[in-house]
Amino acid sequence: MAKDRPDPDLDRELADLPSELRWREWMRRIEAVLFASAAPVPREDLARVVGQGASVDLLIGDLAAELEGRAFEIAQVAGGWMFRTRPAYAPAIRAAADVGDQRVDLSAFDLAVLAAIAYHQPITRDGLRDIFGKEISRELIGRLHARELIGTGPRSPRRGAPYTFVTTEQFLVAFGLETLADLPDREQLADAGVASTGSQAASLPHFP
């Protein structure tokens, strides 16, 4: 949602307001932007609605503190921030909206393949076959694509230049990760007894 330059009609500095009211107005602006966005909002976009030198991190910290005890929270995911319902209230949302039967659940093997892509990306279907010792069906890849958890990466330099697969921003959002660097360390997983790629999937959070 980035723009080349801020709206000239927006008074970012709010110099006419007392410092306390100015800070709260900046908080409300960040709240409004996050509320209006369905995707994580990066720091540079939030900085466009507050005064020069105002700390986006401190403003978000104060806003998050105000949300303590509420049913939703500010999550830092995929290189930005977004509002999301606290996990404890997911069953209530599904019950009220009657969406439980509409979810596309992933099997344990689907999650294992997703974990392999996350740790080895960009990776081809042949690369996944080498990991699992069997062909990975296009149907399975299609399910992960349909959930927007994976996308197409660069073509492999191997013969035939097959497509590779990579994880997406939606993958980070779904698992509450800010970046891929937040994935569990594979050596730590091995020490914990989950060294196989199939077991690594169990270390990822469950989908709501």
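**Exercise 1. A charge over a ring**

Which residue lies over the face of Y163, and at what distance from the ring centre?

Solution. The model is a predicted one, in which local features need pLDDT of at least 70 and side-chain atom pairs count only at pLDDT 80 or more, while totals for chains, interfaces and linings use all residues. Residues are numbered from 1 along each chain as its sequence is written, and side-chain values use heavy atoms, with hydrogens and water left out. A charge sits over a ring if NZ of Lys or CZ of Arg is within 6 Å of the ring centre and within 35 degrees of the ring normal. By this rule R155 lies over the face of Y163, 3.8 Å from the ring centre.

**Exercise 2. The chain as a whole**

Describe the order of the elements in the protein chain, and state what share of its residues is buried.

Solution. Begin with the elements, which are DSSP runs numbered from the N terminus, helices being H or I with at least four residues and strands being E with at least two. The protein chain holds 10 helices and four strands, and from the N terminus on they follow the order α-α-α-β-β-α-α-α-α-β-β-α-α-α.

Turn next to burial, where a residue is buried under 20% relative accessible area, exposed over 50% and partly exposed in between (1.4 Å probe, protein chains only). Of the 208 residues in the protein chain, 36% are buried.

Finally, look at contacts, meaning heavy atoms within 4.5 Å. Among the contacts with a separation of 6 or more, 54% come from residues 24 or more positions apart.

**Exercise 3. The hairpin of β1 and β2**

Work out how β1 and β2 are paired, and describe the turn that joins them.

Solution. Two strands pair if DSSP finds at least two bridges between them. Strand β1 (residues 72-77) and strand β2 (residues 80-85) have six bridges and run in the antiparallel sense, and one of the partnerships is that of V77 with G80 in β2.

The two strands form a hairpin with two residues between them. A78, in the loop between β1 and β2, has a positive phi of about 50° although it is not a glycine, and with 15% relative accessibility A78 counts as buried.

A second residue with a positive phi can be set beside it: E148, also not a glycine, has a phi of about 60° and is placed in the loop between α7 (138-146) and β3 (150-152). E148 counts as exposed, at 52% relative accessibility.

**Exercise 4. Aromatic pairs**

Classify the pair F72 and F83 and the pair F109 and F132.

Solution. Rings of Phe, Tyr and Trp (its six-membered ring) pair if their centres lie within 6.5 Å, and planes under 30 degrees apart count as stacked, over 60 as edge-to-face and the rest as tilted. A search of the whole structure finds four aromatic pairs. In one of them, the centres of the F72 and F83 rings are 5.5 Å apart and the planes stand at 85°, so this pair is edge-to-face. It links distant parts of the chain, with F72 in strand β1 and F83 in strand β2, 11 residues apart. F72 is partly exposed at a relative accessible area of 27%, whereas F83, at 16%, counts as buried.

For F109 and F132, the ring centres are 5.2 Å apart and the planes lie at 70°, so this pair is edge-to-face. F109 belongs to helix α5 and F132 to helix α6 (residues 125-132), so the pair ties together parts 23 residues apart in sequence. F109 is partly exposed, with a relative accessible area of 29%, and K134 lies over the face of its ring, 4.4 Å from the ring centre.

**Exercise 5. Helix α5 and the loop after it**

Explain why helix α5 is described as largely enclosed, and find the cis peptide bond that involves P122.

Solution. Helix α5 (residues 108-120) has 13 residues and reaches 18 Å from its first C-alpha to its last, close to the expected 18 Å, a span defined as 1.5 Å times one less than the number of residues. Because 10 of the 13 residues are buried, α5 is largely enclosed by the rest of the structure; among the buried residues are D110, L111, I117 and Y119.

The last step leads to P122, which is in the loop between α5 and α6. A cis peptide bond, with omega of about -5°, joins Q121 and P122.
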